Amino acid sequence: EIKNRERIITMSFIDFLEAINRLADFISPPTPPELEAFFRSPNSTDSYHSSSKIWNYYREVGVKYANGHRRMSSGETSEPTRLLHVKLALILEVMVFELMHKFKLTSEGDVTRRLQKACKEKTMGISYQSLR
């Protein structure tokens, strides 16, 4: 049996940040002109009616192109097309809107409060500030 199970199944905050950045770089979300072109194309139904175009894009792509569809700029061997912080902002937007959809929340603030509550329950109310 594994001696330190907690260490193997959890990430430090730094590990989490690195994982999110690697994900953003690997996925390489579409640019705003690519999003506009996608939603003008006959491939799009734009049926999700969210204020987040990037979230709508991934909802449609996930439904229609789950079998092997890949953008040319995504993947391990692709050349970087944009700065990482631009891609990261888009991926974080997708994550927030997906949480709003899953938990039937109405705003980004609701997502923040929900995550803060979950973190507080996980840490049994011990905050980082109280540990100083």
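**Rings, charges and helices in a predicted model**

Reader: Over the ring of which residue does the charged end of K53 sit?
Author: A charge sits over a ring if NZ of Lys or CZ of Arg is within 6 Å of the ring centre and within 35 degrees of the ring normal. The model is predicted, with residues numbered from 1 along each chain as its sequence is written, and local features need pLDDT of at least 70, side-chain atom pairs pLDDT 80 or more, while totals for chains, interfaces and linings use all residues. Side-chain values use heavy atoms, without hydrogens and water. The charged end of K53 lies 4.4 Å from the centre of the ring in question, which is that of F39.

Reader: How far from the centre of the ring of F103 is the charged end of R114?
Author: R114 places its charged end over the ring of F103. The distance from that charged end to the ring centre of F103 is 4.0 Å.

Reader: How many helices and how many strands does the protein have?
Author: Helices (H or I, at least four residues) and strands (E, at least two) are DSSP runs, numbered from the N terminus. Along the sequence, the pattern reads α-α-α-α-α-α. The protein accordingly shows six helices and zero strands.

Reader: What percentage of the 132 residues of the protein count as buried?
Author: Buried means under 20% relative accessible area, exposed over 50% and partly exposed in between, with a 1.4 Å probe and protein chains only. Of the 132 residues in the protein, the buried share is 23%.

Reader: Which residue forms an edge-to-face aromatic pair with F38 at 5.2 Å centre to centre?
Author: Rings of Phe, Tyr and Trp (its six-membered ring) pair if their centres lie within 6.5 Å; planes under 30 degrees apart are stacked, over 60 edge-to-face and the rest tilted. The count of aromatic pairs comes to three. In one of them, with planes at 80 degrees and centres 5.2 Å apart, the partner of F38 is F39.

Reader: Are F38 and F39 buried or exposed?
Author: F38 has a relative accessible area of 12%, which places it in the buried class. F39 stands at 13% relative accessibility, so this ring, too, counts as buried.

Reader: What is the angle between the planes of F38 and Y57?
Author: F38 and Y57 form an edge-to-face aromatic pair, with 4.9 Å from centre to centre. F38 belongs to helix α3 (residues 32-40) and Y57 to helix α4 (residues 53-64), so the pair ties together parts that are 19 residues apart in sequence. Y57 is buried at 5% relative accessible area. The planes of F38 and Y57 meet at 75 degrees.

Reader: Which residue joins F38, F39 and Y57 in one aromatic cluster?
Author: F38, F39 and Y57 belong to one aromatic cluster. The further member of that cluster is Y58.

Reader: With which residue does K87 meet in a salt bridge?
Author: A salt bridge is a side-chain nitrogen of Lys or Arg within 4 Å of a carboxyl oxygen of Asp or Glu. For K87 the distance, N to O, is 2.8 Å, and the partner is D25. K87 lies in helix α5 and D25 in helix α2, so this pair ties together parts 62 residues apart in sequence. K87 is buried, at 1% relative accessible area, whereas 37% relative accessibility makes for a partly exposed D25.

Reader: Which residues does K87 touch, leaving aside those up to four places away in sequence?
Author: K87 is placed in helix α5 (residues 84-103). Contact means heavy atoms within 4.5 Å. On that basis, K87 touches A24, D25, S28, P29, P80, T81 and R82.

Reader: What sign does the phi value of S28 have?
Author: S28 is in the loop between α2 and α3. At 0% relative accessibility, S28 counts as buried. Its phi is near 50 degrees in a residue other than glycine, and the sign is positive.

Reader: Is K104 buried or exposed?
Author: K104 is located in the loop between α5 and α6 (108-122). Phi of K104 is likewise positive, near 55 degrees. With a relative accessible area of 72%, K104 is exposed.

Reader: How far apart are the closest N and O atoms of R22 and E18?
Author: R22 and E18 are four residues apart in helix α2, which means that about one helical turn separates them. R22 counts as exposed at 57%, and E18 as partly exposed at 37% relative accessibility. The closest N and O atoms of their salt bridge are separated by 2.8 Å.

Reader: Which residues are linked with R59 in a network of salt bridges?
Author: R59 forms a salt bridge with E98, at 3.2 Å between the closest N and O atoms. The pair links distant parts of the chain, R59 in helix α4 and E98 in helix α5, 39 residues apart. E98 is partly exposed, at 21% relative accessibility. The residues linked with R59 in the network are E98 and K102.
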